[in-house]
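Here's a set of exercises to work through with the structure open beside you. Try each task before you read its solution.

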Amino acid sequence: TSVYYDVQNMMTGGKVYFNDPLSNYLNEIASQILVSKPELSGKIKIFATSSAVINAESWPNGYIFINIGEINAMDNVHQLAFTVAHEIAHFANKHAINSYKREKDISKQETSDVENDDGDNYRTLRYSRESEFEADAIGLQLLIASTFDASESASSLRNFSKSDSADVEMNLGKYFNNELFTIDIS
């Protein structure tokens, strides 16, 4: 299907890091988050990408892509852990595949009525917001069950809302030098 074609393009497009320290670090965060959900451990693989855009995304095959811009926007590992937990929740609840199916169903409805088109767009947007709220709630539950500070979740969401990544100084060493990961910033 086109979903897996998109994943393949992502994986071969030159922007995804493989077996690098940052992706390994993200997967270590995920393993700590999944202590309460061991059945998901072998199903998820996280990759850092070179994109400066503040974003992360989960795919139906368990691949999670976290842009370096998203990583940089977070102030500490606890905020980054919320991003990881949020994306894990999207995967666990099949939000990507359900959204794809819903969009496909909506696009099948043929109508020339502008009011219906607006309604369809609203229903898709509403579904997306519902999925985001659900992923936030489940991500928060995952953090509470882990060793990460769940109180940092609100700050993570505020940092995610930063939209102008061009003005964000790229300095991953500001908070990733800890017991799990050290980055050479020289």
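From the N terminus on, the elements of this chain run α-α-β-β-β-α-α-α-α-α-α. The model is predicted, so treat each exercise as a reading of that model.

**Exercise 1. Take stock of the chain.**
Task: work out how many helices and strands the chain has, and what share of its residues counts as buried.

Solution.
- Step 1: count the elements, and you get 8 helices and 3 strands.
- Step 2: turn to burial, where 41% of the 186 residues count as buried.
- Step 3: look at the outside. The chain exposes about 10,400 Å², and carbon and sulfur atoms supply 50% of that area.
- Step 4: check the contacts with a separation of 6 or more; residues 24 or more positions apart account for 67% of them.

**Exercise 2. Put the sheet together.**
Task: find the order of the strands in the sheet and say which strands sit at the edges.

Solution.
- Step 1: start with strand 1 (residues 45–49), which pairs with strand 3 in the parallel sense over 5 bridges. In this pairing Lys-45 stands opposite Tyr-63, and Ile-46 stands opposite Ile-64.
- Step 2: move on to strand 2 (residues 56–58). It pairs with strand 3 in the antiparallel sense over 3 bridges, and Ala-56 stands opposite Ile-66.
- Step 3: combine the two pairings. The result is an open sheet of 3 strands in the order 1-3-2, with mixed pairing. Strand 1 and strand 2 are the edge strands, since each pairs on one side only. Neighbouring strands are turned by 15° against each other on average, direction ignored.
- Step 4: check how enclosed strand 3 (residues 63–67) is. Of its 5 residues, 4 are buried, so the rest of the structure largely encloses this strand.

**Exercise 3. Track down positive phi.**
Task: which residue has a positive phi of about 50° although it is not a glycine, and is that residue buried or exposed?

Solution.
- Step 1: recall the background. Most residues other than glycine have a negative phi.
- Step 2: pick out the residue, which is Asn-19. Asn-19 belongs to the loop between helix 1 (2–12) and helix 2 (21–33).
- Step 3: check its surroundings. Asn-19 is exposed, with a relative accessible area of 70%.
- Step 4: now visit the hairpin of strand 2 and strand 3, which has 4 residues between the strands. Gly-62 takes a positive phi near 95° there.

**Exercise 4. Pack helices on the sheet and find the core.**
Task: say which strands helix 2 and helix 4 lie across, then find which element gives the most to the largest nonpolar core.

Solution.
- Step 1: place helix 2, which lies across strand 1 and strand 3 and runs at about 140° to strand 1.
- Step 2: place helix 4 (residues 77–92). It lies across strand 1, strand 2 and strand 3, at about 25° to strand 2.
- Step 3: go inside. The largest nonpolar core has 31 residues, and Ile-29, Ile-33, Val-84 and Ile-88 touch the most other members. Helix 2, strand 1, strand 3, helix 3 (68–73), helix 4 and helix 6 (114–144) each supply at least two residues. Helix 4 gives the most, with 8 residues.
- Step 4: zoom in on Ile-88. Leaving aside neighbours within four places in sequence, Ile-88 is in contact with Ala-30, Ile-33, Leu-34, Leu-40, Ile-44, Ile-64 and Leu-142.
- Step 5: don't miss the second, separate core of 6 residues, which includes Met-11, Val-16, Phe-47 and Trp-59.

**Exercise 5. Read the buried side of helix 7.**
Task: which residues of helix 7 (residues 153–160) are buried, and what does Asn-159 touch?

Solution.
- Step 1: list the buried residues, namely Ser-153, Ser-155, Ser-156 and Asn-159.
- Step 2: look down the axis. These residues cover an arc of only 160°, which puts them on the same side of helix 7.
- Step 3: focus on Asn-159, which is buried with a relative accessible area of 8%. Not counting residues up to four places away in sequence, Asn-159 touches Ile-54, Ala-73, Met-74, Asp-75 and Gln-79.
- Step 4: take one of those partners. Asn-159 and Ala-73 are 86 residues apart in sequence, yet 5.8 Å apart in space, C-alpha to C-alpha.

Notes. Residues are numbered from 1 along each chain as its sequence is written. This is a predicted model: local features need pLDDT of at least 70, side-chain atom pairs count only at pLDDT 80 or more; totals for chains, interfaces and linings use all residues. Side-chain values use heavy atoms; hydrogens and water are left out. Buried means under 20% relative accessible area, exposed over 50%, partly exposed in between (1.4 Å probe, protein chains only). The arc is that of the directions from the helix axis to the C-beta atoms. Contact means heavy atoms within 4.5 Å. Two strands pair if DSSP finds at least two bridges between them. Axes are lines fitted to C-alpha atoms, for helices over the stretch in contact, and angles run from 0 to 180 degrees between N-to-C directions. Accessible areas come from the Shrake-Rupley method with a 1.4 Å probe; for residues, only the protein chains shown count as cover. A nonpolar core is a set of buried Ala, Val, Leu, Ile, Met, Phe, Trp, Tyr and Cys residues joined through side-chain atoms within 4.5 Å.
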